[in-house]
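Let's take a walk through a protein model, one piece at a time. Keep the structure open and turn it as you read.

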Amino acid sequence: MARRSVARSLLNNLLSMKLEPCSRLTASRSVTYMPRPGDGAPRPVTLIPGDGIGPLVTEAVEQVMTAMHAPVYFEKYDIHGDMKQVPQEVIDSIRKNKVCLKGGLKTPVGGGVSSLNVQLRKELDLYASLVHCSNLPGLPTRHDNVDIVVIRENTEGEYSGLEHEVVPGVVESLKVITKFCSERVAQYAFEYAYLNNRKKVTAVHKANIMKLADGLFLESCREVAMRYPGIKYNEIIVDNCCMQLVSKPEQFDVMVTPNLYGNLVANTAAGIAGGTGFMPGGNVGAGHAIFEQGASAGNVGNEKLLDQKKANPVALLFSSAMMLRHLQFPSFADRLETAVKRVISEGKYRTKDLGGQNTTQEVVDAIIAALD
């Protein structure tokens, strides 16, 4: 009985103890990064300001990087979307540096000029495009808890560029799907989910109609999914996917898609989460990566934004944070993201698309002031 009494007394004492000091210690504990010799050396990054508002927002990134003393420096190249091809010196620079930051490049509609964006992706084999669409604290949206990563195949599909006129008035456009490309983008999507503690991967398709092409894409996704038993896998037809996105987007986590569907799904998800002005993105391959605004850069040619100098730099700043993590500088990425989120959440400095009237420079100055 005495033992029971002592045990009960000890238990009561434990239950009555205040755990606040311990929890404070746990919460404030930092994570130690152990660099290898030379890890802190500044990295060269190829910079393409691009067209329209591109130079305005890339300059914003340069200012913030300088203010943070981020370990990167830029090799800048002036190229534009109306050029016939990407200059070889730019390709060589990206091959050497392995990383590029890019503003928007205008793609002419129709005519014989091909997209420089597509040229870069094919030349460097940037087979996976990633767009991260999520709510931003302080910005009200119709849907909360949106946190979707769209990963699309980036080198084939409808963007293969295989078109020809069979007879006058009849054009044939070929969609190319290969097992090799489908499998590696699926592998990338599951690897991303695994390393970022994501729970589900959804394959988007139209295999009910394109039974061979999209069927091959689905077959590849299913085979890769079997290697990741800890990640839930499901499939959805692209038209139903768009309806589900606008009605219940919180059900989606990581989405993997063929080329064209991913373009549509990513922009839809961006619109749901609050707009394209703060969605980061990148294009990555085995050896190289290009970071840019994630969703459609349709505002690249907005002359009014350019004249008023009110372009939103947030999307490219978030993309720059992705780039810093890619370069293994996570603490700089965290500082940048925290400062941007703080400024947007406070609401004093926002561009017009986020409900404010501030210029690009005013937003940048506020972000620099908010850096820890």
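**A stroll from cavity to sheet**

Let's start on the inside: the residues lining the largest cavity split into three nonpolar, two polar and three charged. By name, the lining is made up of K102, N117, L120, R121, L126, N283, I290 and E292. Which element gives the largest share? That's α5, with three residues. Both α5 (116-123) and β12 (289-293) supply at least two residues each. The space in there comes to about 40 Å³, and a search of the whole structure turns up one cavity of 30 Å³ or more.

Before going further, a word on trust. You're looking at a predicted model, and its protein chain has a mean pLDDT of 87, with 87% of the residues at 70 or more. Now find residues 14-26: here the pLDDT is below 50, and beyond near neighbours in sequence the stretch makes zero contacts in the model. Where pLDDT is low, don't read the predicted coordinates in detail.

Next, look for the sheet. Its 10 strands run in the order β2-β1-β3-β12-β11-β4-β5-β10-β8-β9, forming an open sheet with mixed pairing. Which strands sit at the edges? They are β2 (72-76) and β9 (232-237), each of which pairs on one side only. Follow the sheet across and you'll see it twist, by an average of 25° from one strand to the next.

Strands in a sheet pair through backbone hydrogen bonds, either parallel or antiparallel. For a parallel case, zoom in on β8 (residues 200-205) and β10 (residues 254-257), which pair over three bridges. Within this pair, T202 stands opposite M255 in β10.

Helices pack against the sheet too. Helix α8 (residues 238-247) touches β5, β8, β9 and β10, and its direction makes about 105° with that of β9. Helix α6 (residues 179-195) lies across β4 (128-134), β5 (147-153), β8, β9, β10 and β11 (280-284), and runs at about 160° to β5.

Stay with α6, as it leads us to our last stop, the second largest pocket. The elements giving two or more residues to this pocket's lining are β4, α6, β11, α11 (314-326) and α12 (330-346). How many residues line the pocket? There are 26, and L130, Y192, N196, M322 and R325 lie nearest its centre. Sorted by type, the lining has 13 nonpolar, seven polar and six charged residues. The space in this pocket is about 780 Å³.

Note on methods
Residues numbered from 1 in each chain as written. Predicted model: local features only at pLDDT ≥ 70, side-chain atom pairs only at ≥ 80, totals over all residues. Heavy atoms only, no water. Pairing = 2+ DSSP bridges. Helix = DSSP H or I, 4+ residues; strand = E, 2+ residues; numbered from the N terminus. Axes fitted to C-alpha atoms, helices over the stretch in contact; angles between N-to-C directions. Contact = heavy atoms within 4.5 Å. pLDDT = per-residue confidence, 0-100. 1 Å grid on protein atoms, 1.4 Å probe; cavity = no way out; pocket = protein on both sides within 12 Å on 5 of 7 lines; lining within 4 Å. Points joined across faces, edges and corners; volume = space filled by probe spheres on them. Nonpolar A, V, L, I, M, F, W, Y, C, P; charged D, E, K, R; others polar.
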